Amino acid sequence: MSFPKSLKEGIQNLEKKTGEKANEMKKVQLYALMLEKMDASLSTLTSCEHLQLSTNCIEKIANLNGLKNLKILSLGRNNIKALTGLEAVADTLEQLWISYNIIEKLKGIAVLKKLAILFMSNNVVKSWDEFSKLKDCPALVDLNFVGNPLEEDLSAAETYRDKVAKLLGKLKKLDGVPIVRDEE
């Protein structure tokens with residue numbers, strides 16, 4: 001099996017395989033292709049609502065400018081270090097799947113005002129100060145954050161679930177389990 005040398009080639013291969021034009025596809029799956037970067041050819045995916053680029057070798061989020069309809073961005077199992085580069089999809093992105101990367105800081109997450117679902121397990125977030133930046137995502141209701149170092153950074157008196165529920169008052173589900181709050 002030969003891998004495409006670029007995202008552009010990956011898109012061309014996808015068009016050949018499906019018989020569809022990439023600019024008309026609502027779901028674009030380019031996973032496990034050993035792609036190293038998100039290049040300008042992404043701007044051709046104008047109808048895309050769900051972009052799946054997981055299990056590649058991508059190091060940074062980039063070139064999302066033409067994706068005006070993007071609701072779901074899947075970047076799990078890459079080499080991404082930061083959440084910068086999301087500004088172009090700030091008004092449309094509802095779900096970000098970015099587990100199994102090497103993200104330590106949550107700078108850049110605040111631009112995602114419609115973000116309802118964040119799957120960010122198994123990264124390297126160590127600081128509760130970083131975690132508290134999730135408060136800037138007013139629509140966030142479902143968070144998967146298990147496997148980050150901060151999960152273990154609490155005293156016996158306060159559990160990870162309790163602290164997260166307190167910090168993110170609108171959260172309905174944490175790590176796949178519903179959050180039950182006492183009624184006022």
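Is glycine 147 buried, partly exposed or exposed? In this predicted model, glycine 147 comes out as partly exposed, because its relative accessibility is 35%. You'll find glycine 147 in the loop between strand S6 (142–144) and helix H3. Serine 121 is 26 residues away from glycine 147 along the chain, yet the two C-alpha atoms are separated by just 5.5 Å. Setting aside residues up to four places away in sequence, glycine 147 touches Asn122 and Asn123.

Now step back to the sheet. Eight strands make it up, in the order S1-S2-S3-S4-S5-S6-S7-S8, and the sheet is open with mixed pairing. At its edges are strand S1 (27–29) and strand S8 (177–178), each of which pairs on one side only. For a look at one of the pairings, take strand S3 (residues 72–74) and strand S4 (residues 95–97): they run parallel, and three bridges join them. Here leucine 73 stands opposite leucine 96 of S4.

Strand S2 is home to glutamine 52. This residue has a relative accessibility of 15%, so it counts as buried, the cut-off being under 20%. What does the side chain of glutamine 52 make a polar contact with? The partner is the side chain of glutamine 29, at 2.9 Å. Leaving out neighbours within four places in sequence, glutamine 52 is also in contact with a run of other residues, including Lys27, Val28, Leu30, Tyr31 and Ser74. Glycine 76 is 24 residues from glutamine 52 along the chain, and their C-alpha atoms are separated by 8.8 Å.

Carry on along the chain and you reach asparagine 56, in the loop between strand S2 (50–52) and S3. Asparagine 56 sits in a loop, but it counts as buried because its relative accessibility is 6%. A polar atom of its side chain lies 3.0 Å from the backbone nitrogen of methionine 34. Not counting residues up to four places away in sequence, asparagine 56 touches Leu30, Tyr31, Ala32, Leu33, Met34 and Leu35, along with Arg77 and Asn78. One of those contacts, arginine 77, has a ring partner too: its charged end sits over the ring of tyrosine 100, 3.9 Å from the centre.

That brings us to the aromatics. A pair of rings is described by the distance of the centres and the angle of the planes. The model has four aromatic pairs. In one of them, tryptophan 128 and tyrosine 160 have ring centres 6.4 Å apart and planes at 50°, so the pair is tilted. Tryptophan 128 belongs to helix H2 (residues 128–131) and tyrosine 160 to helix H3 (residues 160–167), so this pair ties together parts that are 32 residues apart in sequence. Both tryptophan 128 and tyrosine 160 are buried. Ring pairs also link Trp128, Phe131, Phe145 and Tyr160 into a cluster. And tryptophan 128 has a charged visitor: lysine 163 lies over its face, 4.6 Å from the ring centre.

How many salt bridges does the model have? The count comes to four. One is formed by the side chains of lysine 26 and glutamate 49, at 3.7 Å from N to O. This pair links distant parts of the chain, 23 residues apart: lysine 26 is in the loop between helix H1 (7–18) and S1, while glutamate 49 is in the loop between S1 and S2. With a relative accessibility of 26%, glutamate 49 counts as partly exposed.

Another salt bridge joins lysine 126 to glutamate 104, with the closest N and O atoms 3.6 Å apart. It too links distant parts of the chain, since lysine 126 is in the loop between strand S5 (117–119) and H2 and glutamate 104 in the loop between S4 and S5, 22 residues apart. Lysine 126 is partly exposed at 47% relative accessibility, and glutamate 104 is partly exposed at 33%.

Finally, have a look at lysine 133 and glutamate 130, whose side chains meet in a salt bridge at 3.0 Å, N to O. Lysine 133 is partly exposed, with a relative accessible area of 28%, whereas glutamate 130 counts as buried at 10% relative accessibility.

How values were computed: Residues are numbered from 1 along each chain as its sequence is written. This is a predicted model: local features need pLDDT of at least 70, side-chain atom pairs count only at pLDDT 80 or more; totals for chains, interfaces and linings use all residues. Side-chain values use heavy atoms; hydrogens and water are left out. Two strands pair if DSSP finds at least two bridges between them. Helices (H or I, at least four residues) and strands (E, at least two) are DSSP runs, numbered from the N terminus. Buried means under 20% relative accessible area, exposed over 50%, partly exposed in between (1.4 Å probe, protein chains only). A polar contact is a pair of N or O atoms within 3.5 Å; within protein, one must be able to donate a hydrogen and the other to accept it, and residues adjacent in sequence count only if both atoms are side-chain atoms. Contact means heavy atoms within 4.5 Å. Rings of Phe, Tyr and Trp (its six-membered ring) pair if their centres lie within 6.5 Å; planes under 30 degrees apart count as stacked, over 60 as edge-to-face and the rest as tilted. A charge sits over a ring if NZ of Lys or CZ of Arg is within 6 Å of the ring centre and within 35 degrees of the ring normal.
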